[in-house]
Each structure stands twice: as structure tokens, then as C-alpha cells.
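Subject: Handing over a structure

Hi,

Here is the structure I promised to pass on. Have a look at it first, and then read my notes underneath.

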2 protein chains.
Amino acid sequence: MFDPYKLQLDDLKNRDPKYLETIFSIGNGHFGSRATDPLKPTHNGGTVINGFYESSPIIYGEQAYGYAKNHQTIINLPDLRSIQIAEGDGQFFATEQLISQTLNLKTGIMTTESTLISPSGHQIRLALQAILGQHRQQAAAFRYTLTALNFSGPVRVAKQLWLDAAETQSDDPRLARSVQTLNFTHSANESGQQVVVTTDRSQLQAGIKIDAPAKWELTLDESISSSFDVLAAVGPIVDAAAAYPELALPESFDILAEDAQTYWNKTWANGNVEITGDDALAQGIHYNLFQLNSSAGRDGLTNIAAKGVSGTGYEGHYFWDTEMYMLPYFTLTNPTIARNLLAYRYHVLPAAKKRARELGVDHGALFAWRTINGEEASAYYPAGTAQYHINGDIAYAIGQYFAATGDFAFMRDMGFEMLLETAKFWASFGSWFTVRGESYFGFFDVTGPDEYTVIVDNNFYTNKIAQHNLQLVVAAARAFEKAGQAIPLGVTESDLTELARIAKGIYLPVDDALKIHPQDDSFLKKPRWPFATTPKDKYPLLLHFHPLTIYRYQVNKQADTLLADYLFPDSISDSQTQRDYAYYEPVTTHDSSLSRAIFSAVAARLGMADKAYAYFTDTARMDLVDLQGNAADGLHLANLGGSWLSIITGFAGVKYTGAQLSVTNHLPEQWESLAFIINYQGRALKFTLTHGTTTASLEFGEPIDVVIDGHQTVVS
Amino acid sequence: MFDPYKLQLDDLKNRDPKYLETIFSIGNGHFGSRATDPLKPTHNGGTVINGFYESSPIIYGEQAYGYAKNHQTIINLPDLRSIQIAEGDGQFFATEQLISQTLNLKTGIMTTESTLISPSGHQIRLALQAILGQHRQQAAAFRYTLTALNFSGPVRVAKQLWLDAAETQSDDPRLARSVQTLNFTHSANESGQQVVVTTDRSQLQAGIKIDAPAKWELTLDESISSSFDVLAAVGPIVDAAAAYPELALPESFDILAEDAQTYWNKTWANGNVEITGDDALAQGIHYNLFQLNSSAGRDGLTNIAAKGVSGTGYEGHYFWDTEMYMLPYFTLTNPTIARNLLAYRYHVLPAAKKRARELGVDHGALFAWRTINGEEASAYYPAGTAQYHINGDIAYAIGQYFAATGDFAFMRDMGFEMLLETAKFWASFGSWFTVRGESYFGFFDVTGPDEYTVIVDNNFYTNKIAQHNLQLVVAAARAFEKAGQAIPLGVTESDLTELARIAKGIYLPVDDALKIHPQDDSFLKKPRWPFATTPKDKYPLLLHFHPLTIYRYQVNKQADTLLADYLFPDSISDSQTQRDYAYYEPVTTHDSSLSRAIFSAVAARLGMADKAYAYFTDTARMDLVDLQGNAADGLHLANLGGSWLSIITGFAGVKYTGAQLSVTNHLPEQWESLAFIINYQGRALKFTLTHGTTTASLEFGEPIDVVIDGHQTVVS
């Protein structure tokens with residue numbers, strides 16, 4: 001029923017037009033195009049360019065010192081698919097019925113077939129094929145094929161570059177706000193049109209060019225197809241001008257399709273995941289990886305928005321999602337993209353240093369919780385700026401990237417400085433305190449990943465990732481020494497000793513009675529959320545309860561302590577993780593899309609096969625079944641990466657935190673086999689898991705030692 | 001140098017016009033008139049009516065469920081003092097020099113003397129006397145006396161009822177926002193003018209009437225004074241229409257002055273405080289009581305705004321300040337006003353019940369943290385709605401009022417229901433938890449009085465006042481029984497048993513090592529604020545540091561734990577209070593005007609005479625020396641009441657929580673004597689403290705037993 005590399009309309013139950021716009025959207029990291037009804041432009045149905053935003057002052061009910069000053073809002077650009085078709089008498093055709101939509105995950109071509117009808121009853125069948133360039137990242141092409149079904153005669157075609165920034169207001173903090181300060185110039189002649197959009201406050205500029213005039217005539221013959229292509233170019237934003245130097249149209253639809261084909265061939269060759277025994281899940285993971293690739297900025301100046309380029313939800317902002325949920329895929333399949341995503345953080349490091357000062361911390365840098373340009377754009381600090389853990393998340397990702405690639409050049413140019421600045425932040429931000437006569441280092445008034453518990457002391461996750469952050473500086477310094485290179489930035493032995501001393505002092509308690517990691521100093525004292533008396537329609541809780549109501553209970557939006565357990569299997573035992581899992585799972589709502597993938601991976605590692613499989617199923621097809629109910633606003637990018645984590649780090653138990661890569665077979669009984677390719681230390685390695693056997697092969701590069709199911713193995 | 005009953009310009013160092021407008025403002029509980037330069041109308045220089053507000057939607061940077069929906073903003077009404085004087089050629093006179101201002105605290109008359117000058121150099125001396133009715137609370141009268149200093153001839157006088165709602169924006173959360181949705185109609189004829197102001201959203205209406213036409217001519221003779229009066233009426237707002245039935249002008253300036261004189265005579269007779277040996281402090285306390293009386297709503301539908309009717313700061317909102325800092329004065333000197341202030345809370349009890357539901361609490365009522373109409377108007381819940389203690393504060397005040405008056409009628413009609421609803425809230429809101437094997441009841445994610453520490457668990461003050469709230473229900477029920485009356489509202493013995501059981505379980509720990517009350521579960525672990533390295537110009541901290549920076553340190557804006565110690569001397573020992581004082585004083589910035597009065601009173605009781613006196617000095621003349629630096633926005637009403645608390649409950653050690661009134665002499669050595677009158681159980685009692693002696697006399701009523709300096713005494 002499900003084609004593992006082709007998503008079709010029939011694979012989906014939800015037929016809400018906005019939902020379908022998201023699901024069938026295509027992108028290339030630079031920009032995205034939603035699958036709008038070409039005959040019916042909608043106000044959030046257009047094109048978005050990764051990182052192309054306008055800012056506006058944040059208005060607070062009550063203002064205070066140091067609050068984030070400006071919204072940054074990704075801009076809805078003219079819909080590239082939009083077209084108008086009119087009869088000779090001027091009456092417009094409208095879409096009568098959507099017949100099929102197909103997203104080909106191997107070619108990148110998205111096809112929409114529909115019938116159109118005019119007020120006089122004339123019908124046309126329209127097939128629209130859309131493709132975005134993957135190497136020529138500013139290029140797009142659209143092929144319109146029209147077949148008159150019950151008439152012959154002329155029609156008038158109009159192609160307008162159209163812009164609408166209608167007002168939207170909502171209580172849902174996950175949506176985007178509208179932008180009112182765009183300047184929009186349009187020029188057109190016989191051979192094409194161009195729109196230039198300039199923002200007032202963020203001072204950015206983008207252009208869209210197409211090779212079609214504003215209108216032309218076409219004569220249709222009944223049952224004979226007529227076809228025309230529209231070629232388009234989109235970009236650049238000012239910062240990325242160097243990356244996309246020229247606003248040039250592609251040569252043709254077919255040449256652009258070839259460009260995309262090359263990219264997707266390589267992407268699947270370097271990082272495919274093959275599931276035998278469940279085509280639905282196979283389709284899910286392929287779809288997820290396809291969309292993850294489509295949304296990841298590749299130019300070192302942009303990142304991956306929470307909704308990628310598939311919609312304007314969360315205002316196009318970058319969060320910790322990138323480093324913790326999406327980057328691992330790139331690190332192990334396309335290190336160049338991984339490096340460029342981390343380069344974005346380096347690009348905004350000056351803003352992070354400034355932000356640390358605004359938070360009253362004298363040393364180091366604090367990355368913005370949500371941002372495009374590097375400045376904090378979170379208008380609600382308890383679940384925003386207070387999530388200091390983003391510093392540790394970025395450091396963790398740098399550590400992983402370095403462990404997988406051994407990229408000393410990156411570490412010297414950018415990585416080490418980010419590790420150091422984030423570590424200095426922790427050292428300056430935290431403080432020593434005494435528990436039962438012992439001195440510990442910890443952090444007060446912080447928020448961990450779980451946004452249903454805020455402004456707490458010694459959040460376990462935060463403490464753990466901060467400790468790791470401090471240790472990474474020391475480890476990186478030692479790596480430079482071992483490679484015979486000087487430690488960068490003049491870091492001295494006594495600096496390292498001090499960071500190591502603080503790392504050693506970090507407070508990471510285990511509760512005496514429950515033998516679990518307390519999520520924070522107060523969590524375990526609170527009453528449990530009254531799950532038994534909360535109706536299903538009151539989830540997600542954040543839309544139905546005052547924050548103060550949610551915060552005073554033991555209730556998790558997402559994996560928090562368990563995420564720490566997941567990240568640090570070398571220092572947290574399985575039995576400890578098992579107890580934490582048993583405690584926190586019943587209080588977790590998974591109201592965040594970042595939750596289930598982690599529960600799946602941890603369950604797989606712990607041998608809880610049923611739980612691992614159930615969570616993975618939700619994860620693998622989360623947006624395809626609209627599990628969160630808001631895919632209309634855009635895909636849940638973190639979960640796309642998360643589903644890959646579930647497979648690779650869960651079912652295949654991949655770890656590479658130590659000196660060696662290791663794989664541990666936790667293949668679900670429902671599958672016949674699992675095969676995947678990853679890139680590690682310059683090698684391409686293919687692993688195949690069946691029930692009872694795990695095999696590895698070297699697709700590229702020198703032989704290497706890996707640990708397979710506990711045994712040292714040379715892959716050659 | 002200082003006249004104890006007359007405030008004069010020379011008594012003040014700050015000559016900022018807006019500051020002087022506040023200091024010399026006059027009011028009558030219903031409305032207030034700032035001491036504006038009559039020749040120079042300013043945009044916040046007008047008239048305010050207690051409780052006359054407009055609402056506007058609160059815009060949040062990030063919206064969430066259950067947030068307060070609307071601002072309520074007190075409205076700047078036309079300036080009643082404003083006048084224009086022009087020469088025959090149309091050139092206007094302007095104020096050349098302010099010569100004197102005098103606020104007579106015994107008559108209520110405020111006099112401004114100034115010289116005016118025209119562009120041609122003509123000078124006039126203007127004396128403006130202003131008086132507000134105290135029984136006729138809608139009436140005001142202004143007497144203008146003009147003396148031409150260097151010319152004779154006609155002048156044209158214009159009297160305009162003028163309105164300006166200019167836009168103001170500020171990072172200072174303590175200011176008010178502007179109002180843009182007023183409808184303003186003006187009518188004028190030969191004999192007078194009237195303005196009617198209607199609000200769009202709050203649907204309120206107020207009228208201002210004066211007996212002066214818009215313009216007239218006057219002939220001045222050099223060195224001869226000419227005088228005219230303007231009579232005015234202000235009111236009513238819709239709800240208070242019953243209290244102020246008719247918008248009627250007073251008969252004359254003199255009749256209105258008599259009305260005011262009667263009120264002030266009675267006020268001083270019933271509640272005076274005489275300090276012998278320090279006229280500056282005597283003036284301070286008289287000024288404070290004068291202004292406290294001038295701002296207290298008396299109609300049962302209004303309350304006392306944080307800035308009274310002296311300015312628009314804090315948007316004219318009512319806070320807990322009333323019950324904890326201001327009401328005690330009225331309870332012990334003018335129980336009718338005290339009762340009406342509590343009646344206001346009863347009036348908004350339905351809104352409080354609704355609010356409890358919005359906070360996810362199934363039973364009881366939660367009073368709004370800041371409000372005019374009873375609905376929550378706090379746009380920052382961590383230092384707003386999270387201050388649940390307001391429930392206990394109101395309950396405490398009801399208990400005190402009942403203890404002082406024995407007013408069973410009030411208790412049956414209003415008081416008991418408020419006690420019960422607030423107690424039910426605590427019971428439903430809190431939860432049981434275990435500490436060292438013992439079961440306790442407490443409250444999570446709350447904010448205590450100290451706004452530099454928010455969203456904490458088991459704030460000691462909150463726990464203590466909640467416990468008292470629960471106990472008050474039981475005590476009131478017993479009082480009804482004892483008086484042979486049924487317990488109201490069908491409360492049963494088992495209801496009382498349950499409330500008592502919870503009260504008994506309330507968590508009120510003492511720290512093992514420090515032997516102090518921990519402010520909350522986490523306070524003592526945090527590092528101390530770096531006071532040594534914080535320059536003076538960085539105070540108040542709230543204007544110079546991000547909330548997250550402030551919150552993660554041990555630093556208090558105001559008395560918090562110490563306020564609990566202060567309120568409950570019967571259950572918290574002096575030695576305990578002494579330790580708490582020693583611990584918390586060094587971490588308290590007194591950035592709140594609500595702090596010093598409590599430190600003074602506690603220090604006095606503990607025999608720390610120097611500290612008590614120093615804090616009292618700051619308290620007694622806080623606005624007269626502009627200690628907080630923002631008196632221009634309005635008086636610090638809580639501190640006005642607080643300075644009375646310092647004297648009565650500190651230096652005189654008055655307590656009436658038990659069955660008897662007690663007085664304990666802690667007279668500062670700097671004073672010769674202290675005498676004060678209070679009303680207790682229907683008696684007027686006068687106490688005189690000198691060094692070594694405390695005497696009491698019965699000014700009115702039946703003999704009564706009181707405890708004086710530890711000895712049972714019959715005052716007769």
C-alpha cells in the first residue's frame with residue numbers, strides 16, 4: 001500500500017488544504033514552496049526563504065530590563081505556484097477537485113493533478129510538476145500541463161507575483177505573527193517579471209524572478225494536452241549574497257530536475273535507512289529525511305527553523321532543536337552540512353556574548369533561545385531565555401561533530417571558541433552551595449527542556465549538559481595537544497584545571513527514596529498532574545491551563561531527565577535510566593513533538609521493545625498522521641530528525657561518544673531487517689541488522705575498528 | 001523649622017514641578033487634584049477619580065491561556081485648577097515664579113502663590129486656594145486672587161476644561177499607560193461648563209461641572225487684589241452613582257471649606273499621633289495620615305490605589321497594600337472606612353471566584369493581584385497572579401477588623417464568606433508532601449511579597465498567612481457560636497475539622513544550620529547578591545537587571561519572611577524573629593516602598609532602637625524627601641500607612657490579635673513623648689508614652705481592660 005519512496009494523497013487521512021500544503025511542500029535549505037492550490041492563493045500559502053525575516057518591537061503587557069526587544073518574523077513571499085486561468089469572457093476557472101498529489105522522494109518532484117471548472121461548466125485537467133534546484137539553490141521550475149476536458153477554445157493565463165500579509169491573532173504561542181513593514185516592488189515585461197521585497201527594520205532584501213509575463217493566451221483543444229514551464233529564481237538575502245551570487249533563472253525544467261536528482265541520489269547513497277517489513281514506517285522515515293534535507297540551511301549563515309521552510313510556524317526561528325534532534329543526522333551522513341549549521345552558531349557568537357552580559361553574567365556567551373539573526377527573540381523568558389541549556393546543547397553537538405569527523409580545522413577556527421565561551425558562561429553563571437556538608441556547583445532559576453516546569457534550581461538535564469560542556473573544553477584541549485597542536489585562544493593549564501574543578505563539582509543527585517534523578521530540586525515534592533480527570537481534549541495542556549497551573553504539578557511536556565540519560569549512556573547506567581524511565585514516562589504528556597523519539601530510543605536500548613516500537617511508530621509518521629494536530633503550520637522538523645535518532649541510536653544502538661563507534665542490535669521483531677549507511681571518520685559504513693545478526697560493510701574509505709554488539713570488529 | 005500641621009515649599013528640597021504636583025495634591029477618597037501650575041496644563045497633571053478607568057486589551061509578547069486579558073487604566077481628567085490669563089492684546093501670561101505652596105493639614109486647604117508675567121512685562125501675583133469637600137465628596141472650590149504688580153487694565157480670563165491623553169512609553173513597569181478610547185463632550189454657557197467623559201470599553205461615565213464660563217474679562221488695578229471663585233463638581237462613576245447621587249456644585253468656597261474642616265477636625269480627634277521632640281517627623285506622620293485619608297475610597301465600591309488619587313502611577317490599581325499597610329490605620333481610627341474598604345473586596349468576590357477557576361483551582365476564590373474592577377490586570381504573572389498571598393492578606397485584615405470592632409453584622413454579611421472562600425482556595429490549591437518522613441501541606445510555584453524572588457515553593461510568608469486564613473474561618477465560626485449565632489453559609493463541624501487539619505499541616509520549617517525561617521525551599525541555597533560590587537546607581541535593581549538575574553540570587557526587594565514574623569508575634573518568638581532579622585536585613589534592598597516600615601516596627605519591638613529610628617525616619621518622610629525617586633508619579637500610599645504602623649505597632653508595640661489590646665513602650669530616645677488615639681471595641685483610647693511611663697485615658701466609651709507594658713490595666 002505505501003511506496004517507501006513516494007508519498008501520495010491516498011497515504012493521508014487529513015485532507016485539510018493547509019495541512020496538505022505543508023505535507024507536500026518542497027524545499028532546498030535556502031527556500032521552500034508550500035503545496036498551495038495554484039488557482040487559489042492563500043495568505044500563508046507562499047514561499048519562505050530560510051532566514052529572510054522582518055523584525056518588529058515586542059510589546060509586553062509589562063516591560064522589564066533585559067527582555068528580548070524585537071520579534072523576528074519569517075516573511076511570506078509571493079506564491080510561485082499561483083496561476084489564474086480565465087475563459088475568453090473573463091470568467092475564472094477554479095479548482096474543482098484535487099485528484100492526486102505525489103511527492104517523489106527520489107527525484108524531489110512534486111506533482112499535483114486537479115480538475116478546474118469555470119462558471120460556464122468548462123473543465124480543465126491541470127497537472128503541475130514542481131522542482132527546486134538542490135545545487136542551484138535559488139532555482140525553481142514549474143511545469144503546467146492543461147487538458148481541456150469538455151471544450152476547445154482560447155483561455156487567458158495570468159501569472160502574478162502576489163503578496164499578502166494579512167493580520168493574524170491567536171492565543172497559540174506556536175504560530176507566527178504577521179509582518180506589516182515590507183516594501184514590495186514589481187516589474188514586468190514581455191519576457192518575465194521580478195519582485196523585490198525589502199524589509200524596513202531588519203534591512204534585508206530578496207528578489208523573485210520568473211520567466212513568465214503577467215498574462216498570455218493559450219488555445220486548448222479538447223482532450224489534447226498543452227504544456228508550459230515557468231522558471232523561477234529566489235534569493236538572496238543580504239548576508240547570504242556571497243552564497244547565492246546571482247539571481248539567475250535555471251536553463252530549463254529538465255536541467256533543474258537533473259540537478260535535484262543528483263543531490264537526492266547522493267543523499268540516499270550517503271545516508272539511507274532501509275526498513276524491510278514495514279513499508280509505512282519505511283515511507284515515514286524516508287519522508288522525514290527528505291524533508292529534513294529540504295529545510296537545512298547549507299550556507300553557514302542560516303540554520304534549520306522549527307518548521308523548516310515548510311511553513312511560518314514559530315516565526316521561522318532556530319531553536320536547540322537543530323543541535324539536539326537534527327544535526328546528528330547530518331553529522332553522520334553529510335558532515336559538510338553539519339559543519340555549516342554549526343558555523344551559523346559561530347556567526348552569531350558575538351550576539352551570544354552580548355546576551356550573556358544582558359543576563360548579568362560577566363564571562364562567556366549565552367546563545368539565544370529562539371532567533372534568526374542571533375539576538376534573543378523569545379518574548380516569554382520562563383520558557384525562553386531561561387532555557388540556558390541551549391549553550392550545553394550546542395557544545396554537545398560540537399563534541400559529537402568532532403568525535404565523528406575529527407575536523408580539527410573546524411575546531412580550531414570555530415568549535416573551540418564556542419566550547420570555551422559557553423563553558424565560561426556556566427562557570428560565571430553558576431554558584432557553589434552545600435548539601436549535607438558537601439560542596440556542589442549548580443544553577444538557579446533555570447528551565448530545562450521540559451517547558452511544563454520552569455524557573456527551577458538544579459535542573460538535572462541542565463546540570464549534566466553544563467558539566468559535559470565544561471569537560472568538552474578540557475577534552476578538546478587535550479585533543480589539540482595529542483595532535484601536536486597548540487591549545488587555541490591562549491587557554492592555559494590553570495584555566496583547564498578550574499573548568500575541570502567546576503565540572504567535577506556539578507550537582508547531579510539521585511533521590512534517596514526513589515533512586516531516580518530528580519528533575520530538579522523541587523519536582524519530586526509536587527503533586528502529580530491529575531491525569532485521570534483530565535479529558536483528552538484538554539491536551540496539549542498549554543492551550544487549556546494557565547502556566548502557573550501546569551507548573552505546580554509533576555507533569556512533563558517532553559523528555560527532560562530522560563534526555564540526559566539518553567545523551568550520556570557512558571556515565572549513566574542502564575539501571576538508573578530504567579528507573580528514571582519508569583518514573584518520568586507516566587508524567588509525560590508528549591505535548592512537545594521532541595519527546596517520543598527519545599522515549600523510543602531509550603526504550604530500545606533498555607530492551608523495552610514494545611514501547612520502543614510504539615513510540616517510533618508515532619515518531620516516524622508524526623506529520624503524516626498529523627499526530628500533533630498542527631502540521632498545517634509546518635512540519636515538526638525536530639521530530640523528523642528524532643525519528644532517525646530513534647532508529648540509529650535506538651534500534652541500532654549507535655554511539656560514538658567514546659573513542660570508537662559502536663552498534664548494538666535492538667531490531668524490532670516487527671521488521672525483517674534494518675540497513676543504514678553512516679559516515680564516520682571519513683568512511684562510509686553500511687550496517688545491516690537482522691534478527692540475531694549485525695553485519696557491517698565499508699562502502700568507502702580505509703578499514704576501521706568498530707564495536708558490533710559488544711565485539712571489536714574490523715570493517716574493511 | 002517644620003510646622004507639624006503645615007507642609008510648605010521650603011520644607012522640600014526637590015523642586016521638580018511634577019514632584020511638587022504630587023506632594024501638594026489634595027483628595028477626598030473619591031477624587032484627587034494634583035497641584036499643577038494653573039497657567040501650564042500638563043498631560044498628567046489633572047484630576048483623577050478613584051476607580052474611574054478605561055480598559056484596553058493587554059498585548060503580550062507571547063500569549064498564553066489564562067493570562068489577564070485587559071489593562072485597567074485610571075483616567076486623567078481635565079485639570080480643575082487650570083486657567084488662562086491674557087492681556088487685552090491677546091498675549092498670555094505665564095508663571096514667572098512659584099513663590100509659595102502650603103498644604104494645611106488641619107483645614108485641607110492648599111494654597112499656591114506665584115507671579116505671572118506677560119510678554120510685555122506686565123506682572124500679576126496669583127494666589128490660588130483649593131479645597132475639596134470631604135462630606136460632599138463630589139465638590140471642589142478654587143479661589144483665585146489676582147494682584148497686578150506693575151500695571152492697571154483689563155485682562156481676559158479663560159477657564160477651559162481640557163483633556164490630553166498623550167502617548168507615553170516606558171520600560172518602568174510602575175508607570176501607567178495612556179488611554180486612547182475616551183469620548184469627551186463639552187457644553188458651556190454664560191453660567192458654567194460641563195464635561196462628560198465616557199469610556200468605550202469599561203462603559204463608565206464621569207462628569208465635571210464648573211460654575212465659570214469659558215471666558216470673561218476682569219479689570220485689575222495696580223496693587224489692588226481682585227478675587228473670584230470657581231466652584232466645581234466631579235463624579236460619579238456608574239457604580240458609585242448611588243453614593244454620589246447628584247452632580248451638584250457646592251454653595252460657596254467657604255461652605256465647602258467648613259465641610260472639610262469638620263472632617264479633618266474629626267479625623268485628627270479620632271486618630272491623631274503627636275510626636276514631641278521632632279517636628280520634622282511629626283510633620284511627616286501628619287502629612288502621611290492626611291494623604292492616606294485623602295485617597296481612601298469610602299463608598300464600599302472603591303479602594304485605595306497604590307498611588308491613591310495623587311497620580312496615575314500603577315494605573316490607579318488596588319493591591320494588597322490596602323489590607324496590609326493602610327487598612328490597619330482605618331481599622332483603629334475610623335472603622336467605617338475600614339469596613340467600606342473591605343466591602344469593596346466583597347463587591348469583587350464573584351470575580352475572585354471566577355479567577356480561581358481560571359487558575360485551575362476547583363474551590364474558593366482568588367483575589368486579583370492588581371485590579372480596579374476585580375478582574376486580574378497584572379500582565380506579569382510571576383510578580384502578579386503568583387502572589388496568591390493576597391488572599392491571606394485580605395483574610396488577615398478581616399480578622400484584624402473583627403478583632404478591633406467585634407462587628408458581627410459585617411462578619412455575617414461579608415467577612416465570613418470572604419474568609420471561607422479564600423480558605424477553600426488554599427485547601428484546593430495546596431498539596432500534601434513528605435519531608436523527612438513527616439507529612440506537610442504547602443504551596444508550589446508561588447511568589448511571596450518579595451518580588452525579587454518568584455515562582456518558588458513553600459514561601460514562608462505565604463504558608464504562614466494561608467495557615468492563618470484557614471484558622472480564621474474556624475475562629476470566626478467559634479465566635480458566632482459563642483455569640484449564640486448560627487455559623488453562616490452552612491459550614492459544618494466537619495468542614496471546620498478539615499480546615500483545621502490542613503492548617504495544622506502547613507509547612508513552616510526552621511533551617512537546621514541557620515535556625516532561621518527559610519524564605520522558601522530554595523532561597524538559602526542561592527548565592528548572595530553581589531552587593532559590594534553593585535554601584536548605587538544600579539538601584540532599584542528592577543530597572544537595571546533582567547528578572548532572571550535578580551531571581552537567582554539571595555536578594556530581597558522588601559520584607560518577606562520578616563513580614564510574617566511581624567504579623568504573627570504570638571506564634572513566632574522574638575528570638576526567632578531576631579535571627580530572621582539578622583539574616584534577611586543584609587540581603588534586603590528596600591527597593592519597594594513597603595519595606596522600611598516593617599523593618600522599623602520589628603526593630604522597635606526587638607529593642608534595636610537605632611535601626612528602628614533610622615528606618616522610621618526614612619519611612620515618615622519618604623515622599624517628602626523623594627527617597628524612592630519616583631514620587632512624581634504619585635505618593636507611596638502603602639508607606640503612608642506603613643509609617644503609622646511603625647509608630648503604633650513598633651514604638652508603641654500595639655497588638656490586638658488576642659483577646660485584649662496591648663501596648664508596649666519602645667519610645668525612641670530622640671523623642672520626648674508620643675501620644676496617639678485609637679478606636680478599639682467602640683472606645684476611643686488615648687495613649688501617652690514618655691521615657692519610662694505609659695499612660696492611657698478613655699476619650700470615649702465604657703471602661704476596658706488593656707495590657708500596658710505587660711500589666712493588666714483598666715482604662716476608664
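Below is what I found, going from the pairing of the chains down to single residues.

Some housekeeping before that: this is a predicted model, where local features need pLDDT of at least 70 and side-chain atom pairs count only at pLDDT 80 or more, while totals for chains, interfaces and linings use all residues. Residues are numbered from 1 along each chain as its sequence is written, chains are lettered from A and ligands numbered from 1 in the order in which they are written, and side-chain values use heavy atoms, with hydrogens and water left out.

**How the two chains sit together**

Let's start with the symmetry. A turn of 180° with a shift of 0.0 Å along the axis lays chain B on chain A with an RMSD of 0.0 Å (copies are superposed by least squares on the C-alpha atoms of residues with pLDDT of at least 70 in both). The two copies are therefore related as by a two-fold rotation axis. If you want to find that axis from chain B, look for B:Tyr60: its C-alpha is the nearest one in chain B, 2.4 Å from the axis.

Which surfaces do the copies use to meet? They meet through the same surface, because 100% of the interface residues of chain B are also interface residues in chain A.

As for numbers, 52 residues from chain B and 52 residues from chain A take part in the contact, where contact means heavy atoms within 4.5 Å. Between them, chain B and chain A bury about 4,400 Å², and carbon and sulfur atoms give 56% of that. (Buried area is the accessible area, with a 1.4 Å probe, that two parts lose on being put together, summed over both.) Three residues to click on are B:Lys525, B:Leu548 and B:Arg552, which supply 17% of the area that chain B buries against chain A, more than any other three residues.

There are six salt bridges between chain B and chain A, a salt bridge being a side-chain nitrogen of Lys or Arg within 4 Å of a carboxyl oxygen of Asp or Glu. B:Arg370 makes a salt bridge with A:Glu62, with 3.7 Å between the closest N and O atoms. The interface also has 17 residue pairs in polar contact, both residues at pLDDT 80 or more. (A polar contact is a pair of N or O atoms within 3.5 Å; within protein, one must be able to donate a hydrogen and the other to accept it, and residues adjacent in sequence count only if both atoms are side-chain atoms.)

Which elements of chain B touch chain A? α6 (349–358), β19 (431–435) and α11 (547–551) of chain B each supply at least two residues of that side, and α11(B) gives the largest share, four residues. Helices (H or I, at least four residues) and strands (E, at least two) are DSSP runs, numbered from the N terminus.

**Inside chain A**

Chain A is assigned domain 1 (26–251) and domain 2 (334–572); such bounds come from an automatic or database domain assignment. The centres of domain 1 and domain 2 of chain A, taken over C-alpha atoms, are 39 Å apart. In chain A, 15 residues of domain 1 are in contact with 16 residues of domain 2, and the area buried between these two domains is about 1,200 Å², with 55% from carbon and sulfur atoms. How many salt bridges link domain 1 and domain 2 of chain A? The count is zero, but six residue pairs across that interface are in polar contact.

**Local details**

Over all chains, the structure holds 42 salt bridges. One you can look up is A:Lys424 with A:Glu421, at 3.4 Å from N to O. Both lie in helix α8 (residues 408–429) of chain A, three residues apart, about one turn of the helix.

Most residues other than glycine have a negative phi, and most peptide bonds are trans. Here are some spots to check against that:

- A:Tyr539 to A:Pro540 is a cis peptide bond, with omega near -5°; A:Pro540 lies in the loop between α10 (493–505) and α11 (547–551) of chain A.
- B:Gly235 to B:Pro236 is also cis, with omega near -20°, and B:Pro236 is in the loop between β17 (225–235) and α2 (253–271) of chain B.
- B:Asp626, a residue other than glycine, has a positive phi near 50°.

Cheers
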